[in-house]
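Q: Please take a close look at the metal site. How is it built, and what kind of protein surrounds it?

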Amino acid sequence: MTQRIKFFLINNGPLLTTITIFILVYFAGGRLYPAMQKPQVFFNLFINTAALLIVSIGMTFVILTKGIDLSVAGMIALTSAASAALLVNGVNPIVVMILMLLMGIVFGLAMGSIIHYLKVEPFIVTLMGLFFARGMAFIITLSSLTIKDPVYRYLALTKVHIPFFEKAYVYIPSLVGPILLLVAIYLANFTRFGRTVYAIGNNEQSAMLMGLPVARTKIIVYAFGGFCSALAGIVFSISLLSGYGGYAPGMELDAIASVVIGGTMLTGGVGNVIGTLFGVLINGTIVSILQFNGTLSSWWTRIGVGALTLIFIGIQSLFYMKKKN
Amino acid sequence: MTDSQNILSMNRIKKSFPGVAALENVDFSLRKGEVHALIGENGAGKSTLIKVLTGVEHPDSGSIELDGKPVQVRSPQHSQELGISTVYQEINLCTNISVAENIMMGFEPHNFFGIDWKKMNALASEAMKRLDVDIDVTQSLGNFSVAIQQMVAIVRSLEVASPKILILDEPTSSLDVNETAHLFGVIRKLKSEGIGIIFITHFLDQVYEITDRITVLRNGKLVGTYNTTSLPRIELIGKMLGRSLTELDEVSKAKQKNEQKKDTESLVEAKGLGLTGSIEAIDFELHVGEVVGLAGLLGSGRTEIANLIFGIDTPDKGSLKIKGKKINHFSPLESLENGIALCPEDRKAEGIVGDLTIRENIILALQARYGWFKFIATQKQYEIAENYIKLLGIATPSADQLVKNLSGGNQQKVILARWLATDPQVFILDEPTRGIDVGAKAEIQKLVLQLAQEGKSIIFISSELEEVLRTSHRIVVLRDRKKAAEYSGDVDDHTIIQTMAGIL
Ligand SMILES: Nc1ncnc2c1ncn2[C@@H]1O[C@H](COP(=O)(O)OP(=O)(O)OP(=O)(O)O)[C@@H](O)[C@H]1O
Ligand SMILES: [Mg+2]
């Protein structure tokens, strides 16, 4: 029995550490700034990190295959700019959303195919993707375009009340991430696609020799990443009710950091999406603490997240070494 | 031979890599219900032929027919769909996912919700038990030994679809007698069900025990296909090597000459050395110029002793003296400084760097020993590398070949060369001849005795008893992670087998 517990702790060590750190950080915030103890502040995390959560989920799969996707923030910007432009021209909002998601998927498929078939490093391909997407966004519009579409406004402003918490609410777009999370958990654990992702991350050659569909899975992973980025872009443009090529600067790095803090290893094959949720929440909590403080520069978020990411990579290696023995 | 019997025929297969003609117009056929051995020296092209058949490599020319119909195998996945199931030479599974997944992935059971984990685990566990391996299949594969991983690979090949052709590329290289016997039981059963089996091995005993026909390759060329019963062993070796093998006799003679050197200074002295959960307290001594063999079944604790002495593991009882100096801090680096080297069992995980060249791989340990700032002149590096390539007969176009492009056996030789190059005083060889052909094996055994003659001491670990007997001055037999007995080198193999099995 104790043996089992030991195994459980070692196998789930990084995840448990992430959850513990989240709780610690959150309670520390609550002690420093009693206003943070209100339930709404917790739910604000979901409002503020709606887009980040979505891209981080996509990023988790990419990193699990030992890849990386630097294009996500560019895709968010492009989606926001493109949807704003289309909406201004009176295109039906549902059609806009479908078009955006298709664009994300095609974009991801293209990057995935280049990475797999032409054997170019994911780092390079997706960095080009980032430049391309941001560039396209600025070609569409050089300044911020406001969205006045009623459907978008409705989605942006409708509060969803949280059961059991009086007066606590989130907005409709904040629900997309958590729902996607459930889908992602299912994909990762109960489908051949998901398990193949893990196998590829451990050893692509082996996965290929096991007769697993390596090419297809890798390309789908990037397509899913592109889909998530476009989805995040839609959520982003709904919450800001505007589109602009400069939106979400550096969010790809926040996403990577959240995934790593969530216990997924950059070396591939190890990690899970639940961890990513907590990685994102930690990121959001640090931001709110700084907001409550009000005097510190927002760059402290980056410093905090950076430090945590480093600590995490250290913790992971420790667990990894333990596991090897 | 009527062609209608053939479930597979490969005709005039040609495959070249830069600088190497791996296969030159090789013909191969497989009948229903036969076990067909594929034999040849390291680098002869056996694995390449298999890779062509399973779609990992695509032939430059030649054709493949399955059940009389021409096919083009596109990928490993495609070959599985065609009913070809393969255990590759290097274990090709994923260590991060569970044993059950490694066995079932691609054929995993589903229920309305998705993957049916419960059923998958049950099926996998059952399949492992059929080979008499009782383990927790929900643990990740990486938690298990090479031997278990090998068994998992075999079980996977048996479970996937229902194969018409089963390919086993050196499946027994890390298995012990019992496990091999189990595997052979399964092979016989499959054979009676009409499945054709291609079996690659360097163990000639196994060839004669289980196969019906033998195809011999040499330097990428077909030497011929023979009925096993009509090809005497000595002729088989001749066909493989293209010369006859007299070196084995020389090995035994060299050992005789060595015998007197026993009572010299002791280099390694372990008293009650042990580690809970790994190996029980053991006394062990190694003298100058001595070869001590460690015999025992898999999991009997051979590798564990090596790991303790080399400082990979830290013992929790007993003491260890190296050259009379007590060791307090256990670490491989310290051991290297004390003149001990270990050639590890699991070459893929612990040794070989596939993306470096042969020369770089061989120099690695030596450079570490010199310190990273004392650069070894390139000229000198080539000299060392080329020396070992010749000495061990590494089949390669040049010292600049990437190691991952070498055949399995030749990679093993590179690792061995790496540690030989450091010129240690005590040499721990853990399964140094695994996957190495008979000719090179004899070469390595000779080398071991020659080193002993020069005053080096060697701990020689091998599953092949014959080899231990041929080289060792003293033999320590392990059983159930304990020292069971110690014999002098002239003990007969019967006594050792009985000790290993626990009868004596
Ligand atoms: N990808 C590759 N690139 C270059 N050369 C290769 C490659 N794969 C194999 N070779 C070469 O082809 C030859 C045949 O190799 P192969 O792996 O078929 O040998 P083998 O008979 O299986 O030997 P072993 O008994 O050592 O496993 C070797 O000389 C090897 O170096
Ligand atoms: Mg081979």
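A: **The metal site**

B:Ser47 is buried, at 17% relative accessible area. Buried means under 20% relative accessible area, exposed means over 50%, and partly exposed lies in between (1.4 Å probe, protein chains only). B:Gln89 is buried too, at 15%.

This is a predicted model: local features need a pLDDT of at least 70, side-chain atom pairs count only at pLDDT 80 or more, totals for chains, interfaces and linings use all residues, and side-chain values use heavy atoms, with hydrogens and water left out. Residues are numbered from 1 along each chain as its sequence is written, while chains are lettered from A and ligands numbered from 1 in the order in which they are written.

Both residues serve the magnesium ion, ligand 2. B:Ser47 donates through OG and B:Gln89 through OE1. These protein donors lie 1.9 to 2.0 Å from the ion. B:Ser47 belongs to helix 1 (residues 46-53) of chain B, and B:Gln89 to the loop between strand 6 (84-87) and helix 3 (99-104), so the pair ties together parts that are 42 residues apart in sequence. Donors are N, O and S atoms within 2.8 Å of the metal (3.2 Å for Na, K and Ca). Water is not among the atoms, so sites may look incomplete.

**The chain that holds the ion**

Chain B has 18 helices and 20 strands. Its radius of gyration is 23 Å, close to the 23 Å that the globule rule gives for 504 residues, so chain B is as compact as a globular protein of that length. That radius is taken over C-alpha atoms, and the rule is 2.2 Å times the number of residues to the power 0.38. Helices (H or I, at least four residues) and strands (E, at least two) are DSSP runs, numbered from the N terminus.

The C-alpha trace of chain B spans about 70 × 50 × 50 Å along its principal axes. Of its 504 residues, 58% count as buried. Take the contacts in chain B with a separation of 6 or more: residues 24 or more positions apart account for 66% of them. Contact means heavy atoms within 4.5 Å. The accessible surface of chain B is about 20600 Å², and carbon and sulfur atoms own 50% of it. Accessible areas come from the Shrake-Rupley method with a 1.4 Å probe; for residues, only the protein chains shown count as cover.

Confidence comes next. Chain B averages a pLDDT of 84, and 93% of its residues score at least 70. pLDDT is the predictor's confidence in each residue, from 0 to 100. For the complex, the predictor gives an ipTM of 0.87 and a pTM of 0.80.

Some backbone details in chain B deserve a look. B:Arg12 sits in strand 1. This residue is not a glycine, yet its phi is positive, about 45 degrees. B:Asn219 also has a positive phi, near 50 degrees, and is a residue other than glycine. B:Asn219 lies in the loop between strand 9 (213-218) and strand 10 (221-227). At 55% relative accessibility, B:Asn219 counts as exposed. B:Pro18 occupies the loop between strand 1 (6-17) and strand 2 (20-31). B:Pro18 is exposed as well, at 72%.

**The partner chain and the cores**

Chain A has 14 helices and 4 strands. Its radius of gyration is 20 Å, close to the 20 Å that the globule rule gives for 325 residues, so chain A is as compact as a globular protein of that length. Of the 325 residues, 55% count as buried. The accessible surface of chain A is about 14800 Å², with 72% belonging to carbon and sulfur atoms.

The largest nonpolar core has 133 residues. Among those touching the most other members are A:Tyr152, A:Phe61, B:Met128 and B:Ile187. A separate second core of 78 residues includes B:Leu294, B:Ile340, B:Val426 and B:Ile458. Such a core is a set of buried Ala, Val, Leu, Ile, Met, Phe, Trp, Tyr and Cys residues joined through side-chain atoms within 4.5 Å.

Not counting residues up to four places away in sequence, A:Tyr152 touches residues including A:Leu87, A:Pro93, A:Met97 and A:Ile234. A:Ile234 lies in helix 11 (residues 214-240) of chain A. A:Ile234 is buried, at 5% relative accessibility. With the same exclusion, the contacts of A:Ile234 include A:Thr79, A:Met100 and A:Leu101.
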